[in-house]
Amino acid sequence: MEDVLRPIAVLGGSVVITLVLVWLADRALRRVDAAHPETPLWGLLRRCRIPLQVALCAALLRGAYDETGLTAVENHEAGIGQTLSLVLIAATAWLAIRAAAAIVESSYSRYAASARDVARVRRVRTQVTLIQRVVTAVVTVVAAASMLLTFPEMRTVGTSMLASAGLVGIVAGIAAQSTLGNLFAGLQIAFGDMVRIGDTVVVDGEWGTVEEITLTFLTVRTWDERRITMPVSYFTGKPFENWSRGGAQMTGTVFFHLDHSAPVEKMRQHLLEVLQECPDWDGRAWSLVVTDTTPTTILVRALVTARDADAIWSVRCEVRERMLEWLRTEHAYALPRISTAPAELDGPPGAGRRRD
């Protein structure tokens with residue numbers, strides 16, 4: 001009877017203790033989260049339930065599996081212990097990554113809720129995203145190394161590798177110089193405030209918004225929903241336009257090629273009326289001037305402002321459409337025309353006549 005009850009008590013007891021402790025921890029986090037709704041950390045920590053259960057159960061079984069008294073366990077004691085150790089290390093790393101992600105996300109959420117500077121919010125978002133990726137990479141590497149060191153054969157290999165670490169480091173540095181360059185470029189972007197998630201940029205003639213920044217690559221979402229992926233070292237080694245740098249507000253222009261008889265003063269008045277009815281115009285500035293002239297046309301420039309790149313595009317399109325419609329219906333003579341009448345030759349009487 002004891003041979004049956006002992007393994008049930010050891011295995012079942014480990015599972016029951018795990019479920020009870022995790023339930024109590026989850027209940028405590030739920031109460032704290034309800035008492036402090038202004039801090040999202042406690043609610044985010046509840047995502048750690050599953051890795052906590054796996055780690056706690058693996059730890060309990062790792063310490064008590066040899067007490068089951070089962071013949072199969074005694075015959076494979078080393079293998080079972082090795083497996084439980086690997087599961088424990090992996091679950092602990094999983095738990096650490098989940099907890100770090102909860103802390104980082106909570107810190108960013110509280111900062112974003114209280115900050116009023118959109119540019120600083122995007123900067124902090126970029127930094128915490130890269131910090132979270134660095135923490136995940138470090139924890140994963142440490143966990144993998146710890147799992148390998150649980151094998152006795154790997155300890156011998158590790159000692160040999162440490163003896164030649166200098167040579168290996170030089171060779172790896174030369175072979176992976178591009179990867180390492182991107183890695184350090186990613187850290188430079190994160191803390192140098194060159195470009196942030198949500199910034200409007202122009203790279204290689206393509207206009208778009210920075211959608212994702214990792215330690216090695218950066219993704220730009222263009223206006224037509226395409227994604228351009230490029231190494232982060234591009235932004236540290238080549239010039240690019242960042243329209244969100246120093247503030248998101250922008251100034252745009254609309255050009256009109258018109259006839260010399262165009263009513264410029266009336267166009268100014270109508271432009272102001274159009275802008276006052278445009279919800280995307282921020283009211284900072286506007287103007288309409290003649291910037292150039294040719295023998296057949298004049299070049300009229302309308303200047304408008306808006307709060308960001310998307311808004312300035314909408315303002316420019318609306319101004320262009322409504323001004324052209326107004327000119328076509330009210331002042332059609334101002335639109336450029338191509339003269340097809342034969343030219344008249346001016347000159348003294350008798351000039352150009354044929355003499356007999």
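1. At 29% relative accessibility, D282 is partly exposed, a class lying between buried (under 20% relative accessible area) and exposed (over 50%), with a 1.4 Å probe and protein chains only. R284 is likewise partly exposed, at 46%. The two residues form a salt bridge (a side-chain nitrogen of Lys or Arg within 4 Å of a carboxyl oxygen of Asp or Glu), and their closest N and O atoms are 2.7 Å apart.

2. The model is predicted: local features need pLDDT of at least 70, side-chain atom pairs count only at pLDDT 80 or more, and totals for chains, interfaces and linings use all residues. Residues are numbered from 1 along each chain as its sequence is written, and side-chain values use heavy atoms, with hydrogens and water left out.

3. The count of salt bridges is 16. E105 and R47 form a salt bridge, with their closest N and O atoms 3.2 Å apart. E105 belongs to helix 5 (77-114) and R47 to the loop between helix 2 (41-45) and helix 3 (49-64), so the pair ties together parts 58 residues apart in sequence; helices are DSSP runs of H or I, at least four residues, numbered from the N terminus. E105 is partly exposed at 33%, as is R47 at 45%.

4. A network of salt bridges links D26, R30, R46 and R49. R227 forms a salt bridge with E225, the closest N and O atoms being 3.6 Å apart, and R227 is partly exposed at 43% relative accessible area.

Definitions and conventions. Helices (H or I, at least four residues) and strands (E, at least two) are DSSP runs, numbered from the N terminus.
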